[in-house]
Amino acid sequence: MKILVVLEVQNGKVKKGSLELLSQAIHWPKAEVHALAMGASGSLGAVAGDLRRFAPAKLHLAQHDHLNSYSPDAFAFTVAEAAKALGAAAILSSTSAQTKDYFPRLAVKLDTGMASDCTSLKCEGDQLVAKRPLYAGKLTATVEFKGTKPQVATVRPNALGFGPEKAGDVAIENSSIAPPTPMAKVNEVIAKAGAANKVDLTEAERIVSGGRSLKSAENFKVLEELAAVMGATVGASRAAVDAGFRPHSDQVGQTGKTVSPTLYMAFGISGAIQHLAGMRSSKVIVAINTDPQAPIFQKADYGVQADLFAFAPALTEAMKKALH
Ligand SMILES: Cc1cc2nc3c(=O)[nH]c(=O)nc-3n(C[C@H](O)[C@H](O)[C@H](O)COP(=O)(O)OP(=O)(O)OC[C@H]3O[C@@H](n4cnc5c(N)ncnc54)[C@H](O)[C@@H]3O)c2cc1C
């Protein structure tokens with residue numbers, strides 16, 4: 001069974017979620033796994049090196065002016081053509097803002113169905129079997145694909161974990177696919193100061209999140225200091241984002257990002273269903289809240305009833321001593 005794993009490449013590097021997916025797929029019995037990377041001409045030189053630990057059967061490079069920046073129509077077209085040329089029985093990628101946008105278009109182009117944001121994915125014979133959360137994580141659906149059309153799925157970063165290494169040289173094939181001129185095009189991406197060094201929330205192993213109770217943007221410094229010591233990424237509840245304490249890109253929840261870190265620490269977050277929807281698949285949840293009745297404690301593995309303004313700096317100091 002031929003499987004096409006579509007890689008997400010940022011600043012020339014393969015994103016962790018893509019590597020994780022590849023590291024699992026290459027061990028599925030009967031799977032012949034191919035990887036596809038898309039981008040501007042000359043921008044994908046480092047991709048083969050990134051794949052060496054989890055070598056696929058072949059790496060297909062689609063480099064074209066129309067792929068210089070993200071465009072849903074050019075990306076969907078390129079993946080569809082690459083999948084057809086390969087005769088791929090399954091097309092996979094990790095969940096991201098981009099794949100949420102263009103993978104459904106890809107499924108429509110191929111006249112097939114799609115399982116999005118899966119938290120588990122296996123290959124049984126020629127069939128993918130996926131699990132995906134429904135109703136803000138209250139239910140988990142098992143999804144199987146019927147028929148002979150390509151099976152299309154995206155998988156949540158951090159959900160599968162890394163499979164064992166299978167190192168090897170990566171054979172490269174340069175694709176001649178010429179995507180049409182994009183209907184809409186990003187002319188310039190303006191990176192925020194410091195954004196390049198920040199691990200994206202969706203791929204972070206550790207997240208330190210704050211809520212309305214932080215009271216101001218400046219007060220988030222207590223969480224930033226803790227995050228710096230722990231190697232964590234700072235997140236926020238919608239109340240904190242709506243109040244202007246953090247940008248929307250930091251929001252965790254139903255209308256923000258869905259995260260699956262190993263450790264999620266919620267400081268002064270009540271645990272509304274819409275927040276839980278974005279972080280309930282975290283492996284270990286720690287809640288710090290002054291209110292013992294706060295709903296977040298029902299979901300937390302560890303609960304601390306404390307004032308965050310006293311607890312966070314004390315934890316930062318204790319971690320500094322323990323780790324450095
Ligand atoms: C359609 C829709 C979509 C939504 N999407 C999202 C979403 O994506 N993400 C999201 O987060 N929310 C979302 N919400 C909003 C959600 O319902 C809650 O309003 C929001 O999550 C509450 O944020 P909060 O926990 O920071 O604030 P609050 O609910 O006000 O909770 C603050 C908590 O801090 C505690 N506290 C106060 N002071 C301290 C202190 N000094 N130390 C420790 N604890 C303290 C309090 O006991 C309380 O539990 C959505 C709502 C709707 C209707």
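This report walks through the ligand site, the salt bridges and a few buried spots of the structure above. Keep in mind that the model is predicted.

**Around the ligand**

Let's start with the ligand. It is surrounded by 25 residues, and the closest of them are R212, S237, T255, S270 and N289. What sort of residues make up the shell around the ligand, by class? The shell has 14 polar residues, seven nonpolar ones and four charged ones. Three helices each put at least two residues into this shell: helix 6 (238–242), helix 7 (273–279) and helix 9 (308–323).

Now for some individual polar atoms. N289, already listed among the closest residues, has a polar side-chain atom 2.7 Å from an oxygen atom of the ligand. Backbone atoms take part as well. At Q254, a polar backbone atom sits 3.0 Å from a ligand oxygen, and at G256 a backbone N or O atom is 3.4 Å from an oxygen atom of the ligand. As for cover, the ligand on its own has 980 Å² of accessible area, and the protein covers 74% of that.

**Salt bridges**

Side chains of opposite charge can pair when their charged atoms come close. With a cut-off of 4 Å between a Lys or Arg side-chain nitrogen and an Asp or Glu carboxyl oxygen, the count comes to 16 salt bridges. Here are three of them, with the distance between the closest N and O atoms and the relative accessibility of each partner.

| Acidic partner | Basic partner | N to O distance |
|---|---|---|
| D126, 43% | K30, 58% | 3.7 Å |
| E124, 46% | K122, 45% | 3.7 Å |
| D242, 57% | R238, 44% | 3.3 Å |

What does the bridge between D126 and K30 tie together? D126 is in the loop between strand 8 (120–124) and strand 9 (127–134), while K30 is in the loop between helix 1 (16–25) and strand 4 (32–39), so the pair links parts that are 96 residues apart in sequence. Of these two partners, D126 counts as partly exposed and K30 as exposed.

The bridge between E124 and K122 has partly exposed residues at both ends: E124 has a relative accessible area of 46%, and K122 has 45%.

The third pair brings us back to helix 6, one of the helices that supply residues to the ligand shell. D242 and R238 both belong to helix 6, where they are four residues apart, or about one turn of the helix. D242 is exposed at 57% relative accessibility, whereas R238 is partly exposed at 44%. Elsewhere, salt bridges with shared partners join E224, R246 and D250 into one network.

**Buried spots**

Next up is strand 6 (residues 90–94), which holds S94 and also S93. Are these two serines buried or exposed? S93 has a relative accessible area of 0% and S94 is at 2%; buried means under 20%, so both count as buried.

S93 also makes a polar contact: its side chain reaches the backbone oxygen of V6 at 2.8 Å. Leaving out neighbours within four places in sequence, S93 is in contact with V6, E8, L21, T99, F103, A153, T154 and V155. With the same kind of neighbours left out, S94 touches E8, G17, S18, L21, T99, T154, V155 and P157.

Some of those partners, including L21, sit in helix 1, where the buried residues are G17, S18, L19, E20, L21, L22, S23 and A25. That makes eight of the 10 residues of helix 1 buried, so the helix is largely enclosed by the rest of the structure.

Last comes L86, in helix 3 (residues 72–86). L86 is buried too, at 12% relative accessibility. Which residues does L86 touch, not counting those up to four places away in sequence? They are K2, L4, H34 and H60. L4 and L86 are 82 residues apart along the chain, and their C-alpha atoms are separated by 8.2 Å.

Methods: Residues are numbered from 1 along each chain as its sequence is written. This is a predicted model: local features need pLDDT of at least 70, side-chain atom pairs count only at pLDDT 80 or more; totals for chains, interfaces and linings use all residues. Side-chain values use heavy atoms; hydrogens and water are left out. A residue is near a molecule or strand if one of its heavy atoms lies within 4 Å of it. A polar contact is a pair of N or O atoms within 3.5 Å; within protein, one must be able to donate a hydrogen and the other to accept it, and residues adjacent in sequence count only if both atoms are side-chain atoms. Accessible areas come from the Shrake-Rupley method with a 1.4 Å probe; for residues, only the protein chains shown count as cover. Ala, Val, Leu, Ile, Met, Phe, Trp, Tyr, Cys and Pro count as nonpolar, Asp, Glu, Lys and Arg as charged, and the others, Gly among them, as polar. Buried means under 20% relative accessible area, exposed over 50%, partly exposed in between (1.4 Å probe, protein chains only). Contact means heavy atoms within 4.5 Å.
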